[in-house]
Amino acid sequence: MRMLFSIGAVLVAGVLAGGDVAGIAAPGPKFEPSKSLPQRLAADRDAQTVDVELVLAVDVSYSMDMDELAIQREGYAQAIQSKEFLQALKLGPNGRIAVTYFEWAASSDQKIIIPWRLVDGPETADAVAAEILKTPIRRASRTSISGAITFAMPLFDEDPYRGLRRVIDISGDGPNNNGGPVTAARDAALEKGIVINGLPIMVKEPSYSTMDIDNLDYYYEDCVIGGPGSFVITIKDRDKFKEAIRTKLLMEVAGRMPERPVRRVADKEPRVSCLIGEKIWSDRWGR
C-alpha cells in the first residue's frame, strides 16, 4: 500500500544532555576514583533513552459505534506490527520508543490498557499489539478531551524511559463537552514541552443525537493540537481507518508531519469555537 510520505528521510530532533559523574573512593587508605562507574552510569542512561515517549489516548465515548471501536483497536495493533513501522523504528537515533495506551470518555473516565512498554523490534511490537487486542472493548458517556490531556501529562513522569520527544496522540469523533476547557489543558501540556497530535474521526454524517459537529478537523487543528511539528490526520472514510492510524504512528516515530496548506494570516483566529462542544451540551440539557 502506498504510504503518504517517505520514511527514508527521518530528521533527528534533539540530543541528550549529559553530565559528569564523580568517582567514588575505593576501600583502603588510598583514594582512587572509579574509572568504570561513569561509563556504567552513562550506559544505563543510554539504555533508558528512547526516540519518543508516545501516549496513545483513544476515545471510547458512546458516539463511537462498536464497529468503529473494533477497527480502531485493530488499527493500532496492526500499525505497531507493520513492516513500515518497524523500518521507521530502526531509523531513529536509538531505534526504540516507549508507548502507553489508554481509553477515555468523561473527565473522570480514563483507563490504561497498556502501561509503558518499550518497543524496539518485532517481538516487543507483537507483545504490545497482543495486549491491545485482548482487552474487552468498552464504551462510556461524555467526551472530555481536556480530561484525556490532563490525565496523560503525569504519565510521562511515571515513564521509566527518557524520550527525545514527548507526544500525546488524541483520537476522537467529537468536540470536548465535559471537564475543563480543552485549550487550557492543551496549553498546560505545551508549557511542559509536550506535543499533541490529533486523529479526528469523521466517518459519519454529523448527528444531533451524538453531538457531532461539522469541521471536526478544524476544531482539532485550532483547539486541540499544538507544539513543534504537531499535526492532524483526518479519517473521513471508514475503509481508510487503519491506514490513517498507521500513517500517524509512522510520522510520530519518524518525527515528521504531513504536508498541508499553510493557513493565511487572516485565518489565524479559530475557525470554530473551542467551546462549541460545551455549548451544544448546555443548549441541549440546560446545564
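In this predicted model, R271 sits over the face of Y218, 4.0 Å from the centre of the ring. That contact between a charge and a ring makes a handy way in, and the aromatic pairs come next.

Searching the whole structure turns up four aromatic pairs. One of them joins F102 and F151 edge-to-face, with 4.8 Å from centre to centre and 65° between the planes. F102 belongs to strand β3 and F151 to helix α5 (residues 145-152), so this pair ties together parts that lie 49 residues apart in sequence. As for solvent, the two partners can be taken in turn. F102 counts as buried because its relative accessibility is 0%, while F151, at a relative accessible area of 23%, is partly exposed. Another edge-to-face pair is made by Y219 and Y220, with the centres 6.3 Å apart and 65° between the planes. Here Y219 is buried, its relative accessible area being 0%, and Y220 counts as buried at 0% relative accessibility.

These two tyrosines bring helix α8 into the picture. The helix covers residues 216-224 and is mostly covered, with seven of its nine residues buried. The buried set consists of L216, D217, Y219, Y220, D222, C223 and V224. What packs against α8? Helix α7 (residues 182-191) does, at an angle of about 55° and with the axes 9 Å apart. The two helices are therefore oblique to each other. On the α7 side the contact is made by V182, T183 and R186, and α8 supplies Y219, D222, C223 and V224. So Y219 turns up both in an aromatic pair and in this helix contact.

Beyond α8, in the loop that leads to α9, is K236. With a relative accessible area of 55%, K236 is exposed. Leaving aside neighbours within four places in sequence, K236 is in contact with M202, V203 and D217, and D217 is one of the buried residues of α8. K236 and P200 are 36 residues apart along the chain, yet their C-alpha atoms are separated by 8.7 Å.

Now for the nonpolar interior. The largest nonpolar core holds 39 residues, and Y76, F85, Y101, V119 and L249 touch the most other members. Elements giving two or more residues to this core are the strands β2 (53-59), β3 (97-104), β4 (110-119) and β7 (195-200), along with the helices α2 (66-81), α3 (83-91), α4 (122-134) and α9 (241-254). Which element gives the most to this core? That would be α9, with seven residues. Y76 is worth a closer look: setting aside neighbours within four places in sequence, its contacts are L56, V58, Y101, I132, D169, S171, L199, I245, K248 and L249. Apart from this core lies another, of 33 residues, including A57, A98, V224 and C274. V224 is also one of the α8 residues that meet α7.

Two of the helices that feed the largest core, α2 and α3, pack on each other at an angle of about 50°, with their axes 5 Å apart. That angle makes α2 oblique to α3. Where they meet, α2 brings A79, I80 and Q81, and α3 brings K83, F85 and L86. F85 is also among the residues that touch the most other members of the largest core.

Another contributor to that core, α4, is the helix that holds E131. Is E131 buried or exposed? At a relative accessible area of 16%, E131 is buried, because that value falls under the 20% cut-off. Beyond its neighbours within four places in sequence, E131 is in contact with I113, I114, P115 and R117.

Last comes P160, in the loop between α6 (155-158) and β5 (162-163). P160 is partly exposed, with a relative accessible area of 49%. Leaving out neighbours within four places in sequence, P160 is in contact with Q48 and W116. From C-alpha to C-alpha, P160 and L118 are 9.5 Å apart in space, although 42 residues separate them in sequence.

Terms used. Residues are numbered from 1 along each chain as its sequence is written. This is a predicted model: local features need pLDDT of at least 70, side-chain atom pairs count only at pLDDT 80 or more; totals for chains, interfaces and linings use all residues. Side-chain values use heavy atoms; hydrogens and water are left out. A nonpolar core is a set of buried Ala, Val, Leu, Ile, Met, Phe, Trp, Tyr and Cys residues joined through side-chain atoms within 4.5 Å. Buried means under 20% relative accessible area, exposed over 50%, partly exposed in between (1.4 Å probe, protein chains only). Helices (H or I, at least four residues) and strands (E, at least two) are DSSP runs, numbered from the N terminus. Contact means heavy atoms within 4.5 Å. Rings of Phe, Tyr and Trp (its six-membered ring) pair if their centres lie within 6.5 Å; planes under 30 degrees apart count as stacked, over 60 as edge-to-face and the rest as tilted. A charge sits over a ring if NZ of Lys or CZ of Arg is within 6 Å of the ring centre and within 35 degrees of the ring normal. Axes are lines fitted to C-alpha atoms, for helices over the stretch in contact, and angles run from 0 to 180 degrees between N-to-C directions. Angles under 35 degrees count as roughly parallel, over 145 as roughly antiparallel, 65 to 115 as roughly perpendicular and the rest as oblique.
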